[in-house]
Amino acid sequence: MENSFEGFVKRAISSLNESDIDYVIIGGFAAIIYSRSRMTMDIDVIINIKPAESGKIKKLMASFERKEFDILESEVIASLNEKSYISVFDKNSPFRIDIKSIYTELDRIALKNKRQLRIFDLETWIEDPCDLIIAKLIYGSQQDIEDIVAVLLDAKEELNFEYLYIRAKEEKVHEKLQKLIDKLRF
Amino acid sequence: MSKKFFKRRYIVKSMNLPSEHRIKQIKEDLRRIKEMNADPVKIACELADFFVKIHLEQIRKKQPDITKEEAIDIIRKRLVKRELQWKTLSKDL
């Protein structure tokens, strides 16, 4: 098993694809895909799964276990019940996949608007750049804001600004968005 | 280490806009990536691998007999600790 970050990403995407569960990669790794040059040690994922869906959970676990990830059924169910992240640790490296189900409207929208992209010759689902910007505006850490700057500057052609402004208003982050856009002068 | 790690995103109420200098640096990164036809995903991979390599070397210097699994577990714990510290710090900003 390849224990580099590239190997980890490939195994993570293959596991998610093999599980046949609706998923989307969000957060820092999605920002990197939209040109942000920075480091991350994990992949954040939203999956469409409920605690009672034991068949789906078993299939997801089997896919991860085949690719050398550490995951326990009891912890998956407990995390889903308490609406927290499920941390899936790689057996061969310190890298990690943080999985959550649809806990908020933001999560539901991210999953609904996901985009299919090819990473390392594997088809995968990535968060739409507008939804990524909105989520990062809500969280608002320095890292999040710098991710937004990179996405706004580099993925400008891919952004639907009308949708972005509507969503920003709905999430009450439109003033933050406007301040950033004004600062970037475009 | 416990396989369960509660990751909570803290919402930062105020937003610190990046400085002009920082925006310039991000623009420069983007320009150079394009100019060199580099893949940001590959860059992230190399950065992460470099981070792990350096940490493994440091751990092995202090504990030469440590197994790879034990060393990886130490790095994992450091990462979790760092992330929690950062989240707490962000909350207070």
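A residue counts as buried here if 20 or more other C-beta atoms lie within 10 Å of its own. By that yardstick, and bearing in mind that this is a predicted model, strand 5 of chain A, residues 96-100, comes out mostly covered, with four of its five residues buried.

Strand 5 of chain A has partners to look at next. Strand 2 of chain A, residues 42-47, runs parallel to strand 5 of chain A, and the two pair over five bridges. One pairing can be picked out by name: A:Ile46 has A:Lys100 of strand 5 as its bridge partner. Strand 4 of chain A also pairs with strand 5 of chain A, this time in the antiparallel sense and over four bridges. Here A:Arg96 of strand 5 is the bridge partner of A:Phe89. Strands 4 and 5 of chain A make up a hairpin, with five residues sitting between them.

Strand 4 of chain A turns up again where the chains meet. The contact between the chains involves 41 residues of chain A and 33 residues of chain B. On the chain A side, strand 4 (86-90) is among the elements giving two or more residues, along with helix 1 (5-19), helix 2 (27-33), helix 4 (73-81), helix 6 (129-139), helix 7 (142-154) and helix 9 (174-184). Helix 7 of chain A chips in the most to this side, with seven residues. As for chemistry, the chain A residues that touch chain B split into 19 nonpolar, 11 polar and 11 charged.

Key
Residues numbered from 1 in each chain as written. Chains lettered and ligands numbered in written order. Predicted model: local features only at pLDDT ≥ 70, side-chain atom pairs only at ≥ 80, totals over all residues. Contact = placed C-beta atoms within 7 Å. Nonpolar A, V, L, I, M, F, W, Y, C, P; charged D, E, K, R; others polar. Buried ≥ 20, exposed ≤ 12 C-beta atoms within 10 Å, placed from the backbone. Pairing = 2+ DSSP bridges.
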